[in-house]
Amino acid sequence: MATKRGSKAVVKGTVQIMKEKAAARSKQVKKAGATMKKAVAAKPDKVAPKKAATARLVAQVAAAPKFYPPEELKRFKEMILAKRKETIEELDSLKESMMDVTTGEYISESSNYSLHMEQGTDAMEREKTFLFASRGSKFVNQLDDALARIDARTYGVCKTCGLLVPKERLDAVPTAQTCAEYKNTGLPCDKGRVALAKKKAGK
Ligand SMILES: [Zn+2]
């Protein structure tokens with residue numbers, strides 16, 4: 001009897017263990033299912049990945065700052081003022097090189113042009129100098145425009161899409177008024193397109 005009861009107890013124990021194992025298994029399966037569901041949810045929509053990408057861009061555009069903060073504008077201003085000074089110094093030295101050593105007068109673009117024609121390289125050099133000078137003064141004007149935009153706090157805002165032109169681009173081209181993408185292709189970038197659509201919708 002004792003052994004019978006004992007074996008019964010063993011059977012009971014085995015059943016209990018099997019039940020527990022089964023419960024643990026089902027728990028595990030459930031857990032795995034939840035993890036899988038999470039993974040599926042985290043993945044962008046397979047059917048409409050474009051939609052998901054657009055939604056991401058819309059969120060990015062909505063969260064993007066509209067203007068550069070004052071301390072950043074101050075940094076840009078200092079950089080532009082330094083560039084302006086440097087350019088004006090270059091222009092001054094160009095002017096000096098354009099001065100006629102014999103008369104002490106500035107050689108204007110039209111003055112005695114034919115007279116100097118026989119001195120071919122001289123004329124070419126002078127033409128180059130004039131070109132540099134006009135480019136330089138144009139650059140100074142553009143820098144002045146940039147300074148005015150800094151005072152108006154609109155500096156760094158892309159003229160096309162209204163998003164901020166990246167800092168790196170402004171550091172390299174402080175007179176830039178549009179994103180590089182637009183400058184190079186004539187078309188706004190993906191984010192710019194979203195921003196433009198938003199602007200159009202009046203949101
Ligand atoms: Zn832009």
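Here are some questions and answers about the predicted model shown above.

Me: Before we start, how are the residues numbered, and what pLDDT do local features need?
Reply: Residues are numbered from 1 along each chain, following the sequence as written. This is a predicted model, where totals for chains, interfaces and linings use all residues, side-chain atom pairs count only at pLDDT 80 or more, and local features need pLDDT of at least 70.

Me: How many helices and strands does the protein have?
Reply: Helices (H or I, at least four residues) and strands (E, at least two) are DSSP runs, numbered from the N terminus. Going along from the N terminus, the elements read α-α-α-α-α-α-α. So the count, using those DSSP runs, is seven helices and zero strands.

Me: Which helix has the lowest confidence, and which has the highest?
Reply: pLDDT is the predictor's confidence in each residue, from 0 to 100. The protein's mean is 82, with 71% of its residues at 70 or more. Where pLDDT is low, the predicted coordinates should not be read in detail. Confidence is lowest in helix α1 (residues 2-42), at a mean of 62, and highest, at 97, in helix α5 (residues 167-172).

Me: Is Phe139 buried, exposed or partly exposed, and which of these is it by its neighbour count?
Reply: Phe139 sits in helix α4 (residues 120-151). A residue is buried with 20 or more other C-beta atoms within 10 Å of its own, exposed with 12 or fewer, and partly exposed in between, the C-beta atoms being placed from the backbone. Phe139 has 18 C-beta neighbours inside 10 Å, so the label is partly exposed.

Me: What percentage of the 203 residues in the protein is buried?
Reply: Buried uses that same neighbour count, 20 or more other C-beta atoms within 10 Å. Of the 203 residues, the buried share is 11%.

Me: Which label does Ala148 get, buried or exposed?
Reply: Ala148 is in helix α4 too. Its C-alpha is 9.9 Å from that of Lys77, although the two are 71 residues apart in sequence. Ala148 has 11 C-beta neighbours inside 10 Å, so it counts as exposed.

Me: How far apart in space are Ser134 and Leu91, C-alpha to C-alpha?
Reply: Ser134 is another residue of helix α4, and it is partly exposed because it has 13 other C-beta atoms within 10 Å. In sequence, Ser134 and Leu91 are 43 residues apart, while the C-alpha distance is 9.0 Å.

Me: How are α2 and α7 oriented to each other?
Reply: The axes (lines fitted to C-alpha atoms, for helices over the stretch in contact, with angles from 0 to 180 degrees between N-to-C directions) of helix α2 (residues 49-63) and helix α7 (residues 190-201) come within 9 Å and cross at roughly 70°. Angles under 35 degrees count as roughly parallel, over 145 as roughly antiparallel, 65 to 115 as roughly perpendicular and the rest as oblique. So α2 and α7 are roughly perpendicular.

Me: Which residues in α7 are met by Leu57, Val58, Gln60 and Val61 in α2?
Reply: Contact here requires C-beta atoms, placed from the backbone, to lie within 7 Å. One of the α2 residues, Gln60, is partly exposed, with 14 C-beta neighbours inside 10 Å. The α7 partners are Asp190, Lys191, Val194, Ala195 and Lys198.

Me: What is phi of Arg153 near?
Reply: Arg153 belongs to the loop between α4 and α5. Most residues other than glycine have a negative phi. For Arg153 the value is positive, near 65°.

Terms used: Contact = placed C-beta atoms within 7 Å.
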